[in-house]
Amino acid sequence: TAQTRKEKKPMEHERETNERPQPILTLLKGRNETHLEQLIKNGIKVDAVVMDPPYCSGGSTTAARAKGMVKYIKSLKRHVNLVEFGDEMDQLSYGASLLNLLLKFEELLKPPGYVFIFSDWRQIAINSIVLQMSSIRFRGVVPWNKKNCRPNKGVFKNQCEFVLWGTVDGTTPNKYADGYFEQSPAQMKD
């Protein structure tokens, strides 16, 4: 004799829905100012902003700095999707531009509202000052050991970059994290 199984009701988490899952991470490519204005205008709130602004350290002359990303990539044909941010600002222009962005983040971020700014050693001072001038509570600096950098004869290797971070409100984050990152960056090959 054939046995019939009793239909089992699906659990809440097993039910099918027509709703699309929300993305965990969305990367917006382009100029910060454009995306920031659109997000604020549309009333969108985010958990964190991760920035890798231009280091504005690309050369000692205006002509050298104006070359922009050419110094970072060998074949522009292969990397046509990269957005040119420029590397030509002096420290004060860069600081004013960054402060303008950071002051708007309070409207954009949900508490505690994390802000992470990647920086090389030349920009730590201006990034730290500007972060403290903004409405963001400066929480610290985390080194990123890139491990495989080229040596510089007679000086220390510049194998670390840094992440300056803060939160929009004074809430102490309820998480534990390592005090450094250690990861070799992806190598661009022609």
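Among contacts in the protein between residues at least 6 apart in sequence, what percentage join residues at least 24 apart? The figure is 75%. Keep in mind that what you're looking at is a predicted model.

**Overall layout**

The protein has 190 residues, and 29% of them count as buried. Its secondary structure adds up to four helices and five strands. Read from the N terminus, the order is α-β-α-α-β-α-β-β-β. As for the outside, the accessible surface is about 14700 Å², with 54% of that belonging to carbon and sulfur atoms.

**Helix α3**

Let's zoom in on α3, which covers residues 91-108. With 18 residues at 1.5 Å a residue, the helix should span 26 Å, and its end C-alpha atoms do sit 26 Å apart, so expectation and model agree. At the N-terminal end, Asp-90 acts as the cap: one of its side-chain oxygens lies 3.1 Å from the backbone nitrogen of Leu-92.

Which residues of α3 are buried? They are Tyr-94, Gly-95, Leu-98, Leu-99, Leu-101, Leu-102, Phe-105 and Leu-108.

**Rings across the strands**

Now for the aromatics. The count comes to four aromatic pairs, and here are two of them, both with one partner in strand β2:

| Pair | Centre to centre | Angle between planes | Type |
|---|---|---|---|
| Phe-116 and Trp-165 | 6.4 Å | 20° | stacked |
| Phe-118 and Trp-144 | 5.9 Å | 90° | edge-to-face |

Why do these pairs tie together parts that are apart in sequence? Phe-116 lies in strand β2 (residues 109-119) and Trp-165 in strand β4 (residues 160-167), so that pair bridges 49 residues of sequence. Phe-118 is also in β2, while Trp-144 belongs to strand β3 (residues 137-145), so this pair links parts 26 residues apart.

Ring pairs also bring in Tyr-114, which joins Phe-116 and Trp-165 in a cluster.

How covered are these rings' residues? Phe-116 is partly exposed, at 25% relative accessible area. Phe-118 is partly exposed too, at 21%. Trp-144, at 17%, is buried, because the cut-off for buried is under 20% relative accessible area.

Trp-144 has one further partner to look at: the charged end of Lys-146 sits over its ring, 5.7 Å from the ring centre. Trp-144 therefore takes part in an edge-to-face pair with Phe-118 and also has the charged end of Lys-146 over its ring.

How values were computed:
Residues numbered from 1 in each chain as written. Predicted model: local features only at pLDDT ≥ 70, side-chain atom pairs only at ≥ 80, totals over all residues. Heavy atoms only, no water. Helix = DSSP H or I, 4+ residues; strand = E, 2+ residues; numbered from the N terminus. Expected span 1.5 Å × (residues − 1). Buried < 20%, exposed > 50% of the residue type's maximum accessible area, 1.4 Å probe, protein only. Polar contact = N/O pair within 3.5 Å; in protein donor to acceptor, adjacent residues only side chain to side chain. Phe/Tyr/Trp six-rings, centres within 6.5 Å; stacked < 30°, edge-to-face > 60°. Lys NZ or Arg CZ within 6 Å of the ring centre and 35° of its normal. Contact = heavy atoms within 4.5 Å. Areas by Shrake-Rupley, 256 points an atom, 1.4 Å probe, with all protein chains shown as cover.
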